[in-house]
Amino acid sequence: MNSVLIIQSLIGGIMMGAIYALLGVGFSLTWGVMKVIHISHAAFGLAGAYIAYVLLNWWGMDPVASLVVTTPFLFVVACAAYRILILPITRSKEVIVSSMILTFGIAIILENLLLLIWGPAPKLLTPSYITDVVKVGPFYFQYPWVVGFVMSIVGVLVVHLLLKKTYTGKAVRASWQQPESSQLYGINLKRISMITFGIAVATAGAGGVGLAMIYSFEPHAHNLWLIYLFLVVIVGGVGNVLGTALAGLVIGIITGLSLAFLPYQWVNLITFGLLIVILVVRPHGLFQSEV
Amino acid sequence: METVRRASRVWFFLGISLVATLALFPLFRPPVYFLSFLFQIFLYISIASAWNLIGGYAGYLSFGHVAFFGIGAYATAMLSNAFDLSSVGTLLSSIPAGLVAAVFAAIVGYPCLRLRGPYFAVVTLCFAFVVELAVKNLGFLGGPDGLWLKGMALPIAVSRSIFYELMLVLMLITVGVSVWVGKSKFGAGLRAIKEDEEVAQTMAINAPWLKLKAFALSAFFPGVAGGLYAYYLTYIHPDIVFEVNISILVVLMALFGGGASWLGPLVGAASLTVINESLTTFVKAEWARIIYGCLFIVVIIFMPNGLIEFFSSRAEHSQTEPEAHPSGS
């Protein structure tokens, strides 16, 4: 096999993995900080993609520029959803189980709202540069892939810095490490949880736009996205932002390589089989968890 | 005390008469639609009750039970086609098919049951995907074309009645096993594991062995149900019998009713199937799904421990309140 082709496929895989990492960062945060498994995370990402689609087709707004509208909108929606829906269940004994069922209900509702509004046909984001290609040496990269990749790297870094440098981010980390004593230091746990959830869903929207840049999407697409989310988050270690990013790259490399050597239908089999093996051998992720 | 005993006798009598009515139902020559509809309810009750053995009693949420259902369906189809079995033989072959599913469960469960909480849920979900993809890609299992079974050479009303009765029997056995496990020492061990696995192990409960037994047992009945379902459809395809939504639906059914008792999955499966069917009959499909999703949210927020516990605690309240006054009775 041609080595250029293998490297090309590898880099494509890495780009895809980075976008899944951006989608997964928020999922990892809600799981780690709030102990909420947010099944509708990918569905919110899909909603972000549809909003970008509308903005592009009605006003010709570039998908990346449309994030200025999408992420604040999703942030507000998520904060409202947290107040009305998630907050009542965070006190129950089995938060994980109840949050899974609750957010599964939200995912069903979102999916069918998208289906009602846009119908079942797959959609594609068509910015003006969709056919452009970047040529580096012997490798060709489609412009939308490069844009999605760069956007994801920036997005993950922004979330990382937000957690490390700002007061709110430090409060998020503190309330994750010690929920009770952080409250003694004057951290409003409810407010912090709400902001965490809002940030998580906003990054999901950005990740959804990123995935929409490289693949077509339809209302049911979030189910497969969700599997990849679990994969990225578990491999990276729950709650570990940089771990999630690394896991995205690792999975991208594996997917890219298996795409180069195997027929397409075996790729998902390899990925899921790998997840099972990783879960059984190292259930807390490949990377050391650092809050 | 006397009233409690009388109440439980009344419930027992009601249950027996309900089962008898259901068993005699095909004799009244109802439309085939009702037989198929009840068949579906029995199918879901039996899978949800079996799921509850590991998911409800032991608290290990398996999102991969559809894999066992599908394995049972494929095992029956392969056995029937390989040995060219008669109708009775095919129906009976669903029992070895259930055993095949249980063996798969034991092999998968041995490493995976060490994982807890969401990790176990994810690994079982992935297992379901892997099995589906593998079956789709393996030529000797029909691959993406699926498998055909020889249909019964009987009029449709008769064959549907036979399937109806068989599924009723399977459901009764599954619910019976669920009741028995709930009352036995085995069930008590599983509940101890749910409460606190470390403490359970210090109390000389062999947690890994109990979990493995419960997991294999809870895979057996979906396997048998899958075998019957395969012959019922006479055509199986990975997209039908490995549909991941079945997995999730079963979990929701059991938790909707309440996983702590055998009654929960029964009520949950029956009510969700009826609600789903009536919604899709009367409302546009998308709206039906939206209402369905709202239902989950409402149930989780207002009755976090399931329907059964919600209503039984209500009933207890209304019963205990008069007793607070010593002058009463």
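Let's start with Thr234(B), which counts as partly exposed because it has 15 C-beta neighbours inside 10 Å. Keep in mind, everyone, that what you see is a predicted model. Thr234(B) sits in the loop between α10 and β2 (235-236) of chain B. Its phi is near 60 degrees, a positive value in a residue other than glycine. As general background, most residues other than glycine have a negative phi.

There is a second case of that kind in chain B, so to speak, at the other end of the helix. Ala204(B) has a phi near 65 degrees, again positive in a residue other than glycine. You will find Ala204(B) in the loop between α9 (197-202) and α10 of chain B. Is Ala204(B) buried or exposed? It counts as exposed, because it has 7 C-beta neighbours inside 10 Å.

Now for the helix itself. Helix α10 of chain B covers residues 207-233, 27 residues in total. At 1.5 Å a residue it should span 39 Å, and its end C-alpha atoms are indeed 39 Å apart, so the two agree. How many of its residues are buried? The count is 21 of 27, which makes α10(B) mostly covered. And right after α10(B) comes our opening residue, Thr234(B), with its positive phi.

Let me step back to chain B overall. Chain B has 15 helices and 2 strands. Its radius of gyration is 21 Å, close to the 20 Å that the globule rule gives for 329 residues, so chain B is as compact as a globular protein of that length. The C-alpha trace spans about 75 × 55 × 40 Å along its principal axes. Of the 329 residues, 47% count as buried. If you like contact maps, take the contacts in chain B with a separation of 6 or more: residues 24 or more positions apart account for 79% of them.

On to the core. The largest nonpolar core has 195 residues. Among those with the most contacts inside it are Leu229(A) and Val232(A), along with Ala101(B), Cys126(B) and Met167(B). Helix α2 of chain B, residues 32-57, gives the most to this core, with 15 residues. What does Ala101(B) touch, once we set aside residues up to four places away in sequence? Its partners are Phe68(B), Ile71(B), Gly72(B), Ala219(B), Phe220(B), Pro222(B) and Gly223(B).

Next, the place where the chains meet. Here 31 residues of chain B are in contact with 33 residues of chain A. On the chain B side, α5 (94-112), α6 (117-137), α12 (244-257) and α14 (285-302) each supply at least two residues. Which helix has the largest share of that side? That is α6(B), with 13 residues. By type, the chain B side divides into 25 nonpolar, 3 polar and 3 charged residues.

Over to chain A. Its secondary structure comes to 11 helices and 2 strands, and along the sequence the pattern reads α-α-α-α-β-β-α-α-α-α-α-α-α. A compact globule of 291 residues would have a radius of gyration near 19 Å, and chain A has 19 Å, which agrees. Its C-alpha trace spans about 60 × 45 × 35 Å along the principal axes. Half-and-half fans will be pleased: 50% of the 291 residues of chain A count as buried.

The two strands of chain A are worth a look. Strand β1 (residues 133-136) and strand β2 (residues 139-142) run antiparallel and are joined by 4 bridges. Together β1(A) and β2(A) form a hairpin with 2 residues between them, and Gly137(A) in the turn has a positive phi of about 60 degrees. Across the pair, Val134(A) stands opposite Phe141(A) in β2(A).

Two residues to finish. Leu110(A) is in helix α4 (residues 95-118) of chain A. Why does Leu110(A) count as buried? Because it has 22 C-beta neighbours inside 10 Å, and the cut-off for buried is 20 or more. Apart from neighbours within four places in sequence, Leu110(A) is in contact with Ser40(A), Ala43(A), Phe44(A) and Ala47(A). With Phe44(A) the C-alpha separation is 7.6 Å, although the two are 66 residues apart along the chain.

Phe73(A), in helix α3 (residues 67-89) of chain A, counts as partly exposed because it has 15 C-beta neighbours inside 10 Å. Phe73(A) and Gly205(A) are 132 residues apart in sequence, and 9.5 Å apart in space, C-alpha to C-alpha.

Conventions:
Residues numbered from 1 in each chain as written. Chains lettered and ligands numbered in written order. Predicted model: local features only at pLDDT ≥ 70, side-chain atom pairs only at ≥ 80, totals over all residues. Core = buried A, V, L, I, M, F, W, Y, C linked by C-beta atoms within 7 Å. Buried ≥ 20, exposed ≤ 12 C-beta atoms within 10 Å, placed from the backbone. Contact = placed C-beta atoms within 7 Å. Nonpolar A, V, L, I, M, F, W, Y, C, P; charged D, E, K, R; others polar. Expected span 1.5 Å × (residues − 1). Rg over C-alpha atoms; globule rule 2.2 N^0.38 Å. Pairing = 2+ DSSP bridges.
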